[in-house]
Amino acid sequence: MKRFRRMLGLSYSLGVFTRRLLLFELPRRKGSADCAVVCAAKGPRPRYPRVWKTNKKIGTISKSVKLVECIKGLSNVKEEVYGALDSFIAWELEFPLITVKKALKTLENMREWKRIIQVTKWMLSKGQGRTMGSYYVLLNALAEEGRLDEAEELWQKLFSENLESTPRMFYDKMISIYYRRGMHDKMFEVFADMEELGIRPTPSIVEMVGETFQKLGMIDKYKKLKHKYPPPKWEYRYIKGKRVKIKASQLRERGNASDGIHKLDGGTDKEPNGSYEDAELPTLVQKQLFDSYCLFDMVCCDYCYCL
């Protein structure tokens, strides 16, 4: 019977269960990450650098600068600009959306509106970056370039496709475009669409529409507009990355003080580099300006260096 049990393997030696699992260390390759000691039963697997990824990485900022330099000296021919952009991204595994966005921001600071239109249309033709931010950049560039027909066509397309989800900044932009060009009827149409959809206009929209009512002699509508949309008591600003609530009256007083400085002496106190000499200002104006800046800093942030 004992022999039969040994043959079937029903009895085991006690040493098999009491024996501990030994630890061993895998061999390391040159240039690989440090591998932890791995247990025979469980533990992290060794990670090695992938062959198809290079160690040299170029940041998106330097890439955006190269993209701007690549298209800056080209002509306005569509095929030439599109060909340069296609050759720039030829070896990219994925579309460099962040690089293109930063390049658009750089071109916007340089006020290169034609290049912004070309790069944005090329990006949209690739099926990339179809966001409201990209469409707003394109709308702003078309308006600054004076291509009002294309701007209106883009606005009508966005408004029809996103009737109730169109951002308020698009209404603000279109009303400002019509306001600068004296197109009062179209401005009133956009404002009527806002009221019909229940979108509360910004203070800048109310100000532009109110000034138009005053120019056209519509005093009753101007009073109704001011009664329906009174000026806000509080406004929000971003100071050092924090959203701060500020009284609108303090901002208006600060704006009035700066306007008074600009009008003082007919602008003769302005230097060639655009800065103003405080030494030529009267002492009372300097004190008011200093007090306004101190009050603004006290309200906005915890670190007021004026105190």
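A residue is called buried here when its relative accessible area is under 20%. By that criterion, in this predicted model, the buried residues of helix α4 are Val81, Tyr82, Ala84 and Leu85. Viewed along the axis of α4, these buried residues lie within an arc of 160 degrees, and they therefore line one face of the helix. A general feature of helical geometry is relevant to such a pattern: an α-helix has 3.6 residues a turn, so residues three or four places apart point the same way. The buried residues of α4 pack against α3 and α6.

Helix α6 comprises residues 113-125. At 1.5 Å a residue, its 13 residues should span 18 Å, and the separation of its end C-alpha atoms, 18 Å, agrees with that expectation. Of the 13 residues, 10 are buried, so α6 is largely enclosed by the rest of the structure. The buried positions are Trp113, Arg115, Ile116, Ile117, Gln118, Val119, Thr120, Trp122, Met123 and Leu124. The elements that cover them include α3 (60-72), α4 (78-88), α5 (97-109) and α7 (132-145). After α6 comes glycine 127, which has a positive phi near 80 degrees.

The description now turns to the nonpolar interior. The largest nonpolar core contains 49 residues, and Val100, Trp122 and Ile175 are those with the most contacts inside it. Helix α6 supplies the largest share of this core, namely seven residues. Setting aside neighbours within four places in sequence, valine 100 is in contact with Leu67, Phe95, Val119, Trp122 and Met123. Among these partners, Val119, Trp122 and Met123 belong to the buried residues of α6.

Threonine 99 is located in helix α5. With a relative accessible area of 3%, threonine 99 falls under the 20% limit and is therefore buried. Apart from neighbours within four places in sequence, threonine 99 contacts Thr60, Lys63, Ser64 and Leu67. Leu67 also appears among the contacts of valine 100.

A contrasting environment is found at arginine 252, which lies in helix α13 (residues 248-263). Its relative accessibility is 41%; because this value lies between the 20% and 50% limits, arginine 252 counts as partly exposed. When residues up to four places away in sequence are not counted, arginine 252 touches Pro231 and Pro232.

Terms used:
Residues are numbered from 1 along each chain as its sequence is written. This is a predicted model: local features need pLDDT of at least 70, side-chain atom pairs count only at pLDDT 80 or more; totals for chains, interfaces and linings use all residues. Side-chain values use heavy atoms; hydrogens and water are left out. Helices (H or I, at least four residues) and strands (E, at least two) are DSSP runs, numbered from the N terminus. The expected span of a helix is 1.5 Å times one less than its number of residues. Buried means under 20% relative accessible area, exposed over 50%, partly exposed in between (1.4 Å probe, protein chains only). Contact means heavy atoms within 4.5 Å. The arc is that of the directions from the helix axis to the C-beta atoms. A nonpolar core is a set of buried Ala, Val, Leu, Ile, Met, Phe, Trp, Tyr and Cys residues joined through side-chain atoms within 4.5 Å.
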